[in-house]
Amino acid sequence: MLEVNNLQVYAEDKMILNNLNLSVNQGEVHVIMGPNGAGKSTLGYAIMGHPGYSIEEGSILFEGEDITQEKADVRAKKGIFLSFQNPEEVPGVTLENFLRSSRLALTGKPVKVFAYKKELYKAMETLNMDKDYASRYLNVGFSGGEKKKSEILQMLVLEPKLAILDETDSGLDVDSVKIVSKGVEAFKNKNNSLIIITHNTKILEYLPIDRVHILQSGRIVKSGDASLIEQINISGFRDFIPKIVH
Ligand SMILES: Nc1ncnc2c1ncn2[C@@H]1O[C@H](COP(=O)(O)OP(=O)(O)O)[C@@H](O)[C@H]1O
Ligand SMILES: [Mg+2]
């Protein structure tokens, strides 16, 4: 589904990712871990097509198509979704209307109001969200945890083929982490793929993990199966710092 080849990404004039390779098949769940400042969010932005991050070398293929230079809205229409580490507040637009117009923009098909509401409320129930949130302005006055839930709600309603979750679990209390992972579980099926960027391995307990990658200084220094998570929990990232050879 996703092929990232030899990616080099700059923000401003600074090289942030270099020679990064990542391949995610349909149905797979990949986890990306790594110290602060390693470039994890940058990778999410680069895959999503954030205009502030320029790809100077390498390519990104999605379902076999080269999307390296496509704009974010084109990528979203193709089925890529990124949940932000710090979701923005959008005064004047209710959560419900935001999701409905996003769906319309992505699919091009008008959404029937009644069917849509039913679906929205069902997704909100999965996330233990009060129905009242649907008529509140998007993320305005939402607590950190509520913002994260609203990101997961978007994922459930928009049903992307590839969802990238950037620290969606950070800053959540124990109960909210459980609810968010329930939402992620509800989203996941054999046709879609997930990339989860996280420090919190609790969110992963209910998910089958196919691959774990450690990102350090702008590239993936180690990949492995789920057992790598346990190793990181015990000894941190220091074992994976690449040795500099002179
Ligand atoms: N827009 C930007 N302009 C300049 N530097 C940036 C920008 N975005 C990220 N960086 C830098 O790139 C590095 C990686 O950042 P980031 O991808 O957010 O790391 P992570 O998500 O792994 O903590 C950091 O040193 C950060 O300061
Ligand atoms: Mg980050």
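1. Gly58 is found in strand 4, and since the model is a predicted one, what follows describes computed geometry. With 18 C-beta neighbours inside 10 Å, Gly58 counts as partly exposed, because a residue is called buried at 20 or more such neighbours and exposed at 12 or fewer. Leaving aside residues up to four places away in sequence, Gly58 touches Asn5, Asn6, Leu7 and Gln8. For Leu7, the C-alpha to C-alpha separation from Gly58 is 4.3 Å in space, although the two are 51 residues apart in sequence.

2. The pairing of strands gives the setting for these contacts. Strand 1, residues 2–11, and strand 4, residues 53–62, pair in the antiparallel sense over 8 bridges. Within this pairing, Gln8 stands opposite Glu57 in strand 4. For a student meeting sheets for the first time, it helps to recall that strands of a sheet pair through backbone hydrogen bonds, either parallel or antiparallel.

3. Strands 1 and 4 belong to an open sheet of 4 strands, whose order is 2-1-4-5 and whose pairing is antiparallel. Strand 2 and strand 5 (65–66) stand at the edges, and each has a single partner strand, so one side of each is left without a neighbour in the sheet.

4. There is also an open sheet formed by 6 strands, which run in the order 6-9-10-3-11-12 with mixed pairing. Its edges are strand 6 (80–83) and strand 12 (219–224); because each of these has a single partner strand, one side of each lacks a neighbour in the sheet. On average, and with direction ignored, neighbouring strands of this sheet are turned by 20° against each other.

5. One pairing in this 6-stranded sheet can be followed residue by residue. Strand 3, residues 29–33, and strand 10, residues 193–197, pair in the parallel sense over 4 bridges. Here Val31 has Ile196 of strand 10 as its bridge partner.

6. Is helix 1 largely enclosed by the rest of the structure or left open? Of its 9 residues, 8 are buried, so helix 1 is largely enclosed by the rest of the structure. The buried residues are Lys40, Ser41, Thr42, Leu43, Gly44, Tyr45, Ala46 and Ile47. Just after this helix, Gly49 takes a positive phi of about 90°.

7. Helix 1 should also be considered together with ligand 1, which is surrounded by 13 residues, the closest being Ala11, Ala38, Lys40, Ser41 and Thr42. Strand 2 (14–24) and helix 1 (40–48) each supply at least two residues of this shell, and helix 1 gives the most, with 3 residues. By class, the shell around ligand 1 comprises 3 nonpolar, 7 polar and 3 charged residues.

8. How do helix 5 and helix 6 lie with respect to each other, roughly parallel or roughly antiparallel? The axes of helix 5 (residues 144–158) and helix 6 (residues 174–187) come within 10 Å and cross at roughly 10°. Because angles under 35 degrees count as roughly parallel, the two helices, helix 5 and helix 6, are therefore roughly parallel to each other. On the side of helix 5, the contact is made by Gly145, Lys148, Lys149, Ile152, Met155 and Leu156, while helix 6 contributes Ser176, Ile179, Val180, Gly183, Val184, Ala186 and Phe187. These contact residues divide into 8 nonpolar, 3 polar and 2 charged. When reading such a list, it is useful to remember that an α-helix has 3.6 residues a turn, so residues three or four places apart point the same way.

Technical notes: Residues are numbered from 1 along each chain as its sequence is written. Chains are lettered from A and ligands numbered from 1 in the order in which they are written. This is a predicted model: local features need pLDDT of at least 70, side-chain atom pairs count only at pLDDT 80 or more; totals for chains, interfaces and linings use all residues. Two strands pair if DSSP finds at least two bridges between them. Axes are lines fitted to C-alpha atoms, for helices over the stretch in contact, and angles run from 0 to 180 degrees between N-to-C directions. A residue is near a molecule or strand if its C-beta atom, placed from the backbone, lies within 6 Å of it. Ala, Val, Leu, Ile, Met, Phe, Trp, Tyr, Cys and Pro count as nonpolar, Asp, Glu, Lys and Arg as charged, and the others, Gly among them, as polar. Angles under 35 degrees count as roughly parallel, over 145 as roughly antiparallel, 65 to 115 as roughly perpendicular and the rest as oblique. Two residues are in contact if their C-beta atoms, placed from the backbone, lie within 7 Å.
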